[in-house]
Amino acid sequence: MSTVPVYRWRLAPDGMATRRQLRAAGLRPGGQDVAAQLERPRRRRGPLVAYLYLVERAKPVRPMTVHRAAALAKANTARRTCPACRRDAGYVIPVSLGMCVPCADTPSSSS
């Protein structure tokens, strides 16, 4: 296992980017290994770490197909559907509640 170079926050060399920076540029890592890492020091806790990839080896983001868009819409609909009342809540159901807020607020739903 080889070690990767570690750079301080905002001191990474040109030609490297994080996943978010690649995505903003319409790119993805494309299977390449992490080229380096950034560390941002924090008080009383360990440093924040961000992994860097080489921009020259990055590949373009795959285009959204009709089938992928349909699958994504179906998954998002499932996340918004309350299992108790079976209605679309209009927002993603909180995992902590397990149901929409009106169903969670009713006294009969608490065990």
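Begin by selecting Arg-8, which stands opposite Glu-39 in strand S4. The model on screen is a predicted one, in which local features are described only at pLDDT of at least 70 and side-chain atom pairs only at pLDDT 80 or more, while totals for chains, interfaces and linings use all residues. Residues are numbered from 1 along each chain as its sequence is written, and side-chain values use heavy atoms, with hydrogens and water left out.

**The sheet**

Keep Arg-8 highlighted and add the whole of strand S1 (residues 6-8) and strand S4 (residues 36-40), which pair in the parallel sense over three bridges. Two strands are taken to pair if DSSP finds at least two bridges between them; the elements themselves are DSSP runs, numbered from the N terminus, with helices (H or I) of at least four residues and strands (E) of at least two. Strands of a sheet pair through backbone hydrogen bonds, either parallel or antiparallel. Moving to Val-6, you will find that its bridge partner in S4 is Gln-37.

Next, select strand S5 (residues 48-54), which pairs with S4 in the antiparallel sense over five bridges. Here Arg-40 has Leu-48 of S5 as its bridge partner. With S1, S4 and S5 displayed, add strand S2 (16-17) to see the open sheet of four strands in the order S1-S4-S5-S2, whose pairing is mixed. S1 and S2 are the edge strands of this sheet, each of them pairing on one side only.

**Gln-37, within S4**

Centre the view on Gln-37, a residue of strand S4. Is Gln-37 buried or exposed? With a relative accessible area of 14%, Gln-37 is buried, where buried means under 20% relative accessible area, exposed means over 50%, and partly exposed lies in between, using a 1.4 Å probe and protein chains only. Once its neighbours within four places in sequence are set aside, Gln-37 is in contact with Val-4, Pro-5, Val-6, Tyr-7, Val-49, Ala-50, Tyr-51 and Leu-52, a contact being heavy atoms within 4.5 Å.

**Two arginines with positive phi**

From S4, follow the chain into the loop between S4 and S5, where Arg-44 has its place. The phi of Arg-44 is near 65 degrees, a positive value in a residue other than glycine, and at 86% relative accessibility Arg-44 counts as exposed. Then jump to Arg-86, in the loop between helix H2 (66-80) and helix H3 (101-105). Arg-86 likewise is not a glycine and has a positive phi, of about 60 degrees; its relative accessible area of 61% makes Arg-86 exposed.

**Across the model**

Stay in the loop between H2 and H3 and select Gly-98, which counts as partly exposed at 37% relative accessibility. Not counting residues up to four places away in sequence, Gly-98 touches Pro-83 and Ile-93. A distance label drawn from Gly-98 to Leu-27, C-alpha to C-alpha, should read 36 Å for a pair 71 residues apart in sequence.

For another such label, go to Ala-24 in helix H1 (residues 19-24), where the relative accessible area of 73% marks Ala-24 as exposed. The C-alpha atoms of Ala-24 and Pro-107 are separated by 46 Å, with their positions 83 residues apart along the chain.

**Zooming out**

Finally, show the protein as a whole and colour it by secondary structure, which comes to three helices and six strands, running β-β-α-β-β-β-β-α-α from the N terminus on. Its radius of gyration is 21 Å, well over the 13 Å that the globule rule gives for 111 residues, so the protein is more spread out than a compact globule; the radius is taken over C-alpha atoms, and the rule is 2.2 Å times the number of residues to the power 0.38. Along the principal axes, the C-alpha trace spans about 60 × 45 × 25 Å.

How many of the 111 residues, as a percentage, count as buried? The figure is 16%. Of the contacts with a separation of 6 or more, 48% are accounted for by residues 24 or more positions apart.
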